[in-house]
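Okay, thanks everyone, let me get the model up on the screen. I'll keep this short, and you can interrupt whenever you like.

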Amino acid sequence: MFFTFLVVVILTAIALVVAAMTIAKLIAPRSTNPQKGEPYECGIPTRGKSWVQFKVGYYLFAILFLMFDIETVFLFPWAVVVQEVGTYALVCIGFFLVVLILGLAYAWKKGALEWK
C-alpha cells in the first residue's frame, strides 16, 4: 500500500514538472536578438571578461546569514505556541538550537566569520 502511494506521488510529481516546463516552453516569449545574450552591467557594455572570481568568504557569510535568518523564521512560530505544546516543544527547540550553535562554532573555528 505504502509503495503504491509512493509511486503515485513520484509519478505525479514528475508529470507536474514536465507539464509546467512544457507549458512554459510553449507560451514563453522568444527573442532572436543577439544582444539579448550579451552580458552587461547597469546598461554599460562590459570590458574584459564577464566571469570574475569572488572570494568564497562572501558566499560563506551569506550562507551563515541565511542559516540564522531561517532560525528566526522557525523560532517565532514556536514562541507563539510554546505554552500549548509543552515540554516536547521545549526539547525539540533545544535540540534545534544545539545544532545551530554547533554549526556556528564550526564556522567560527574554520574562520568563516573573519572578514579578511
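I'll go through the overall layout, then two of the helices, then an aromatic pair.

Before anything else: this is a predicted model, so please listen with that in mind.

Okay, layout. The protein has three helices and two strands, and starting from the N terminus the order is α-β-β-α-α. Now, how much of the protein is buried? Of its 116 residues, buried ones make up 7%. As for the outside, the accessible surface is about 10,900 Å², and carbon and sulfur atoms account for 73% of that.

Let's move to helix H2, residues 56-85. Does the length make sense? Well, what should 30 residues span? At 1.5 Å a residue you'd expect 44 Å for H2, and the C-alpha atoms at its ends are 41 Å apart, so that agrees. H2 isn't drawn with a ruler, though: at alanine 79 there's a bend of about 45°. Then, following H2, you hit glycine 86, which has a positive phi, near 95°.

Which residues of H2 are buried? Those are Gly57, Leu64 and Glu71. Yes, there's a glutamate in that list. And what do the buried residues of H2 pack against? That would be H3.

Which brings me to H3 itself, residues 87-110. Same arithmetic here: 24 residues at 1.5 Å each should give 34 Å, the end C-alpha atoms sit 35 Å apart, and so the two agree. On H3 the buried residues are Ala89, Ile93, Leu100 and Ala107. Their cover includes helix H2, so looking from either helix you find the other one, because the buried residues of H2 pack against H3. And just after H3 there's another glycine to point out, number 111, with a positive phi of about 85°.

Last thing, the aromatics. How many aromatic pairs does the structure hold? One. The partners are phenylalanine 74 and phenylalanine 96, edge-to-face, with 5.7 Å centre to centre and 80° between the planes. Phenylalanine 74 is in helix H2 and phenylalanine 96 is in helix H3, so the pair ties together parts 22 residues apart in sequence.

And is phenylalanine 96 buried or exposed? Somewhere in between: its relative accessible area is 25%, so it counts as partly exposed, given that buried means under 20%.

Right, that's my tour. Let's open it up for discussion.

Technical notes: Residues numbered from 1 in each chain as written. Predicted model: local features only at pLDDT ≥ 70, side-chain atom pairs only at ≥ 80, totals over all residues. Heavy atoms only, no water. Helix = DSSP H or I, 4+ residues; strand = E, 2+ residues; numbered from the N terminus. Expected span 1.5 Å × (residues − 1). Buried < 20%, exposed > 50% of the residue type's maximum accessible area, 1.4 Å probe, protein only. Contact = heavy atoms within 4.5 Å. Phe/Tyr/Trp six-rings, centres within 6.5 Å; stacked < 30°, edge-to-face > 60°. Areas by Shrake-Rupley, 256 points an atom, 1.4 Å probe, with all protein chains shown as cover. Bend = angle between axes of the 7 residues up to and from the residue.
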